Amino acid sequence: MSAHSASMLSTYSGRVVAAGKMPAQSDSPTHAIMPIQPILIRNHFQADDDYDDLLVIHEGVARAMEPPLVQVLGPFWDDGRGGLIAAASAGDAACGYINATGDWLVAPDLDDARTFSDDGLSRFRKNGLWGYMNLLGQCVIAPRHEAVSAFAHGLAAVKVSAAAWRYIDLRGQFAFDGSFFNAGQFAANGLAAVRLNEQDKTGYIGRDGQWVIAAQFDDALGFSVHGVAPAASAPKMFGLIDTAGNWIVPPLHDRIDEFNADGLAFCLQKGFKFGYLDASGKHVLKDQSYHLSTTMSCGIVKYGEKTYFKADGSELDTPYVYWGTDFTEHGFAIGHGSPAAEDPTGIDDGSLIWGLVRTDGVFLPAPKEVIEVLSSDGALWLPETNTPLAPFLGRDGVVLLDRDARVAYRWRREHGDAGQFAALYDHAGRLVWQGRPRAEVAMPPVFFAAAPETFLDELDSRAAFPGLVRDMLAETMQKLQRHASDPGFDVWAAGEHDDGDEDYDDEDDGDDHDSYDRATCHGPSTVRRLFRSYLDEGVNGEYQFLSSMRVEAQEAIYDDLAAQLVAQFGPGDPAPDHVCLRGLYREQGWAVDLPVALPGTDGAKESNRVWLVIATFGDSGDGDEWDEVWLSCSPSGETLEAADAARRLLTELESD
């Protein structure tokens, strides 16, 4: 291995990510060198009905586990014997523990498993009951409790009955007498928030189970390392207390969360204003809207789409960022920004590119081959546990970028004699791993920059449009003629069946034409929704830039199809005289004469024409947003009147 390769491997092997701390154990040897952390890379080329399995890469060797690894549940922890261990999942209700080289140390036959705590124990559930596993993958406290908490400072709470919790020590023995309705985790200062009975107030006990701060609070959370804790005197009346239970910040907040790793607590002030408090009670951030994130990482918190604040309350300068995620533990956020970050002297045409945002505010554009961040219908694939790499969708596969937006690994779909297979390459283009061949390996779909054709609805392709126009003209003209000449044919009932099924039984139909669905019943008209994009509340709220991208796709389809109609029928009329789907936008219409005149019209053009109309529609509601393109073929007002008149005359003659 070259020196350059060794350098890259060291960067991507996770050495820069802190592993869990090994608790002091008298019977465990010490190691001067920390074990090398693995990285985890997800295979996004799996079949639709399979999980996207994880590869474990350790010291340059990639391995797909069996049973397949789906998720690692927290960081890898030093086992004290030169190895690493982490809780992991092989799918629904299939959890176990793995090592750094991709072996199942504990087979995935557990119901659930959680990451290790600083005490070196991990919770696991087997057959519905919880116990604890140590760093060697050995069960040290048998599963016998309905619910348990993680160990903290040598003690954990376990549920002993429907409304009672007790504390146990690292041996699984009860630490002291007494049970509680609520039992919080012990903090570094040896205090835990507890409530004796459901109707009681909350206070704090010491490690011996004795009251240290009397039960006097409506709610109380854990103490921080600074010796302060959020507590409430009444519902939505939170403040901060010291270890004697005295208020250092009066209870005037609707909400105060526990303190984070940066020594700040998210808070909700009166008047629906959000912010962060430090341990002295000072508002580092205050009077912000609900756009302020509750997640702070690396001393940075996101506000709205593109603003970031630092832990001292100052704004992070991010001039080229237009949208970004919360910062990850690895020191970067995924961002959508201006190409000017790459070339400040270039012309800003309003286009945006994907990349990474560093903690210094610098926006690093992704390589040119990147299309967008990798997602599943808008749910982003963020860096995996232990792995400071962000997955992006490239033009020929998936690329994983390091914190400097360099390509560290690349997934490609390859072809062989036995079929297609997924192949993983490192930054130097060396093959690291390849999957089993199969008939077809599907590429992850584009979501944000999806091609306009992705949203075609009742149209197979743009090329199929002339045929659809022809069919709609023929169908509408046929329905008009039958409406005018066949008293036994109910065009409004037949409108539910655009294939003009002659055997349709209309005996039970009423006269309320408005009761029919707009998209399927238009009487003598024929209607097709050609395009539809839909953004639900979650996606639309998170990615506000996406709305304009979907409108651009709508306009591209509309413009192309309208151009095809112009090429066939000439310039369109912006005010068509048609009787269907009124009130849409950007209407263009083309009048087409009936090849056979309706009865009683003497061939008058105004009474023998239909209109082809293309139009757009867009709306929003409850946070959702949708954009559509419609094509209708319907008679003109005079033509429909003429058909109705002919039908009435024929009915009168038959009744006579």
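**Exercise 1.** Which residue in strand E39 is the bridge partner of Leu401?

*Solution.* The partner of Leu401 in E39 is Val407. Before going further, note that the model is predicted, that residues are numbered from 1 along each chain as its sequence is written, and that local features need pLDDT of at least 70, while side-chain atom pairs count only at pLDDT 80 or more. Totals for chains, interfaces and linings use all residues, whereas side-chain values use heavy atoms, with hydrogens and water left out.

Step one is to name the elements: helices (H or I, at least four residues) and strands (E, at least two) are DSSP runs numbered from the N terminus, and two strands pair if DSSP finds at least two bridges between them. Strand E38 (residues 397–401) and strand E39 (residues 407–416) pair in the antiparallel sense over 5 bridges. Step two is to look at the turn: E38 and E39 form a hairpin with 5 residues between them, and Ala405 in this turn has a positive phi of about 65°.

**Exercise 2.** Describe how E38 is joined to strand E37, and decide whether E38 is mostly covered or uncovered.

*Solution.* Begin with the pairing, which is antiparallel and runs over 5 bridges between E37 (residues 390–394) and E38. Next, locate one bridge, in which Gly394 has Gly397 of E38 as its partner. The two strands form a hairpin with 2 residues between them. Finally, apply the burial terms (buried under 20% relative accessible area, exposed over 50%, partly exposed in between, with a 1.4 Å probe and protein chains only); E38 is mostly covered, since 5 of its 5 residues are buried.

The approach to E37 deserves a further step. Asn386 is in the loop between strand E36 (379–380) and E37, and its phi is near 75°, a positive value in a residue other than glycine. With 2% relative accessibility, Asn386 counts as buried.

**Exercise 3.** Which strands stand at the edges of the open sheet of 3 strands?

*Solution.* Write down the order first: it is E27-E28-E29, with antiparallel pairing. Strand E27 (292–297) and strand E29 (307–310) are at the edges, each having a single partner strand, so one side of each is left without a neighbour in the sheet. From one strand to the next, the twist averages 25°. To check one pair in detail, note that E27 and strand E28 (residues 300–303) pair in the antiparallel sense over 3 bridges, and that Ser297 stands opposite Ile300 in E28.

**Exercise 4.** Which residues of the largest nonpolar core touch the most other members?

*Solution.* A nonpolar core is a set of buried Ala, Val, Leu, Ile, Met, Phe, Trp, Tyr and Cys residues joined through side-chain atoms within 4.5 Å. Among the 33 residues of the largest one, Phe465, Ile614 and Leu631 touch the most other members. Elements that each supply at least two residues include helix H2 (465–485), helix H5 (546–569) and strand E45 (624–635), and the largest share, 8 residues, comes from H2. Taking contact to mean heavy atoms within 4.5 Å, and not counting residues up to four places away in sequence, the residues touched by Leu631 include Phe465, Val469, Met472, Leu565 and Ile614. A second, separate core of 23 residues includes Ile334, Leu380, Val399 and Val407.

**Exercise 5.** At roughly what angle do the axes of H2 and H5 cross, and which residues meet there?

*Solution.* Axes are lines fitted to C-alpha atoms, for helices over the stretch in contact, and angles run from 0 to 180 degrees between N-to-C directions. On this basis the two axes come within 10 Å and cross at roughly 65°. At this crossing, Phe465, Pro466, Val469 and Leu473 in H2 meet Leu561, Gln564, Leu565 and Phe569 in H5.

**Exercise 6.** Where does Pro452 lie, and which residues does Pro452 touch?

*Solution.* Pro452 lies in the loop between strand E41 (431–434) and H2, and at 18% relative accessibility it counts as buried. Leaving aside residues up to four places away in sequence, Pro452 touches Arg462, Phe531, Ala553, Ala556 and Ile557. The pair Pro452 and Phe531 is 79 residues apart along the chain, yet their C-alpha atoms are separated by 8.6 Å.
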